[in-house]
Amino acid sequence: RAHAALKADGTVITWGCCTTIVPSCTANCWYDRDYGANPTSATIAQLTDVTSIVSTNNAFCAMKKDGTVVAWGGQEWGGEIDAITQDKLINVKSVFATTAAFLALLENGDVHTWGQAALGGVIPRSILDETDNKILDNVVTVTASQLAGFAVLRRDGSVRAWPYLDYNSFTFIEWPNSRLNNIIALYASGKAWAAINSTGYVHTFGQADYSGEVPSHDAEYFRT
């Protein structure tokens, strides 16, 4: 419902259009802050020295040269960052997005998230409690599954993926983090992942109809 364009001088322009299907949208365009088409004047003032922009369905996040980020758009889509998280978003290396959440990977390997918990915006306490400083750290690779959240590959070869909300059953789906070790590469589809370990075998997890399970006739090529 909105676009954001990064200009050569590091500034950003945005525009959007109505959601009603009409013969000519030009005469019916509107600007809705909730979708990111019309950021506040305070946000616009921050949109300088931007190097990249990432979006969810209805929000944007811009990464700046100084390693900070600016988000705008629908709050429930990651368009607002709470003050505690914002203070941690320094020396940001990359930003990733699902349909309704953002994840920032810092230069030191820490990750921080915001947006809808159902789509990766909140890292579960069960994962944070595994670390000494209660921060998901030592991350080297992040993959975003647009409809199922985030999975991260850590320096020790382990993978951490947190639950997402299955809107069909309204239950949170858990992933088999415990068996994913010695991983060297991680890839995502809409609701599933494939992880390659150091011996060349592939582990898959996620929804079967999104390639989360290997067909039985191909299992010999994907031994775990």
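These are my notes on aromatic pairs and one asparagine in a predicted model.

Entry 1, aromatic pairs. I looked for paired rings and found four aromatic pairs in the structure. I followed up two of them, beginning with phenylalanine 60 and tryptophan 72. Their ring centres are 5.4 Å apart and their planes meet at 25°, so I noted the pair as stacked; the cut-off for that label is under 30 degrees. The pair links distant parts of the chain, with phenylalanine 60 in strand S4 (residues 59-64) and tryptophan 72 in strand S5 (residues 69-73), 12 residues apart. I then checked accessibility. Phenylalanine 60 has 8% relative accessibility and counts as buried. Tryptophan 72 is buried too, at 2%.

Entry 2, another pair. Phenylalanine 150 and tryptophan 162 are 6.2 Å apart centre to centre, with 45° between the planes, and I recorded this pair as tilted. I placed phenylalanine 150 in strand S10 (residues 149-154) and tryptophan 162 in the loop between strand S11 (159-161) and strand S12 (164-166), so the pair ties together parts that are 12 residues apart in sequence. Phenylalanine 150 is buried at 0% relative accessibility. For tryptophan 162 I also read 0%, hence buried.

Entry 3, asparagine 197. I found this residue in strand S15 (residues 192-197). Is asparagine 197 buried or exposed? Its relative accessible area is 10%, so I entered asparagine 197 as buried, the limit being under 20%. Its side chain makes a polar contact of 2.7 Å with the side chain of threonine 199. Leaving aside neighbours within four places in sequence, I listed the contacts of asparagine 197 as Asn181, Asn182, Ile183, Ile184 and His203.

Conventions:
Residues are numbered from 1 along each chain as its sequence is written. This is a predicted model: local features need pLDDT of at least 70, side-chain atom pairs count only at pLDDT 80 or more; totals for chains, interfaces and linings use all residues. Side-chain values use heavy atoms; hydrogens and water are left out. Rings of Phe, Tyr and Trp (its six-membered ring) pair if their centres lie within 6.5 Å; planes under 30 degrees apart count as stacked, over 60 as edge-to-face and the rest as tilted. Helices (H or I, at least four residues) and strands (E, at least two) are DSSP runs, numbered from the N terminus. Buried means under 20% relative accessible area, exposed over 50%, partly exposed in between (1.4 Å probe, protein chains only). A polar contact is a pair of N or O atoms within 3.5 Å; within protein, one must be able to donate a hydrogen and the other to accept it, and residues adjacent in sequence count only if both atoms are side-chain atoms. Contact means heavy atoms within 4.5 Å.
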